[in-house]
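Visitor: I'd like a quick tour of this protein. Could you pull up the sequence and the model so we can talk through them?

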Amino acid sequence: MRLTMYTDFSLRVLLYLGIKGKEELSTVQEISDVYNISKNHLTKVTHELGKMGLVETIRGRGGGIRLNVHPSEINIGETVRKTEDDFHLVECFNCEINQCIITPVCRLKNVLHEALDAYFKVLDSYTLADFVENNDGLATILLGKQL
């Protein structure tokens, strides 16, 4: 399974904002520059993260973005579920388009469901805090300083 760029960028924004801290505002341009990724993509990502309640967006001069909740309240599995639009690993996972003739007797689909459940069980066991708290290496790379 592969995550979309949208989810990848969403997680990167959350990591950056989590390392930066709630007190300090960041800009989409700043995050774009650090990761060397498209500002337009990040604008869409941060807008959606704002709609999800994870990011606070402050408009106007001196505005910016920051986490809206503590990193320990941002579950990685939940975030991935909300930012991905398709977990149909194989055709039979999607009843609307499934044309596979072996679906009624296929045992593989059950194993793939089990694997997907295990994938999310792991992601659900982590919050953003697990990746940003006490992570001087990440702070050094993203912010150029030790925390």
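Visitor: Does Asn36 count as buried, partly exposed or exposed, and at what relative accessibility?

Guide: Before that, a word on the ground rules: this is a predicted model, where local features need pLDDT of at least 70 and side-chain atom pairs count only at pLDDT 80 or more, while totals for chains, interfaces and linings use all residues. Residues are numbered from 1 along each chain as its sequence is written, and side-chain values use heavy atoms, with hydrogens and water left out. Buried means under 20% relative accessible area, exposed over 50%, and partly exposed in between, using a 1.4 Å probe and protein chains only. By that rule Asn36 is exposed, at a relative accessibility of 69%.

Visitor: Where does Asn36 lie, and what is its phi?

Guide: Helices (H or I, at least four residues) and strands (E, at least two) are DSSP runs, numbered from the N terminus. Asn36 lies in the loop between α2 and α3. Most residues other than glycine have a negative phi. Asn36, though not a glycine, has a positive phi near 55°.

Visitor: Which loop holds Asn134, and what is its relative accessibility?

Guide: Asn134 also isn't a glycine, and has a positive phi of about 55°. Its place is the loop between α6 (129-132) and α7. Asn134 counts as exposed, with a relative accessibility of 81%.

Visitor: Let's zoom out. What pattern do the helices and strands follow along the sequence?

Guide: There are seven helices and two strands in the protein. The C-alpha trace spans about 60 × 30 × 25 Å along its principal axes, and 38% of the 147 residues are buried. Read along the sequence, the pattern is α-α-α-β-β-α-α-α-α.

Visitor: Which residues touch the most other members of the largest nonpolar core, and which helix gives the most to it?

Guide: A nonpolar core here is a set of buried Ala, Val, Leu, Ile, Met, Phe, Trp, Tyr and Cys residues joined through side-chain atoms within 4.5 Å. The largest one has 24 residues, and Leu14, Leu17 and Ile31 touch the most other members. At least two residues each come from α1 (5-20), α2 (28-35), α3 (39-51), β2 (64-67) and α7 (136-143). The top contributor, with six residues, is α1.

Visitor: What does Leu14 touch beyond its sequence neighbours?

Guide: Contact means heavy atoms within 4.5 Å. Setting aside residues up to four places away in sequence, Leu14 touches Leu49, Leu54, Val55, Leu67, Ile74, Thr79 and Leu128.

Visitor: Is Tyr16 buried or exposed, and what is it in contact with?

Guide: Tyr16 is found in helix α1, and its relative accessible area is 3%, so it counts as buried. Leaving out neighbours within four places in sequence, its contacts are Ser26, Glu30, Ile31, Val34, Tyr35, Leu142 and Leu143.

Visitor: How are the buried residues of α2 arranged around the helix axis, and what covers them?

Guide: The buried residues are Val28, Ile31, Ser32 and Tyr35. Seen down the axis, they fall within an arc of 100° (taken from the directions from the helix axis to the C-beta atoms), so they line one face of α2. Their cover includes α1, α3, β2 and α7.

Visitor: And Pro71: where is it, and what does it contact?

Guide: Pro71 is in the loop between β2 and α4 (76-83). Its relative accessible area is 11%, so it is buried. Not counting neighbours within four places in sequence, Pro71 is in contact with Thr127, Leu128, Ala129 and Val132.

Visitor: How many disulfides are there?

Guide: The rule asks for a pair of cysteine sulfur atoms within 2.5 Å. Cys100 is partly exposed, with a relative accessible area of 35%, whereas Cys106 is buried at 16%. The disulfide count is zero.

Visitor: Last one: which residues are closest to the centre of the largest pocket?

Guide: On a 1 Å grid over the protein atoms alone, a pocket is an open set of points where a 1.4 Å probe fits, with protein on both sides within 12 Å along at least five of seven lines, and lining residues have an atom within 4 Å of a point. The largest pocket holds about 300 Å³, a volume being the space filled by probe spheres set on the points, which are joined across faces, edges and corners. α3 gives the most to its lining, with four residues. Of the 14 lining residues, the closest to the centre are Val28, Thr43, Thr46, Thr57 and Ile65.
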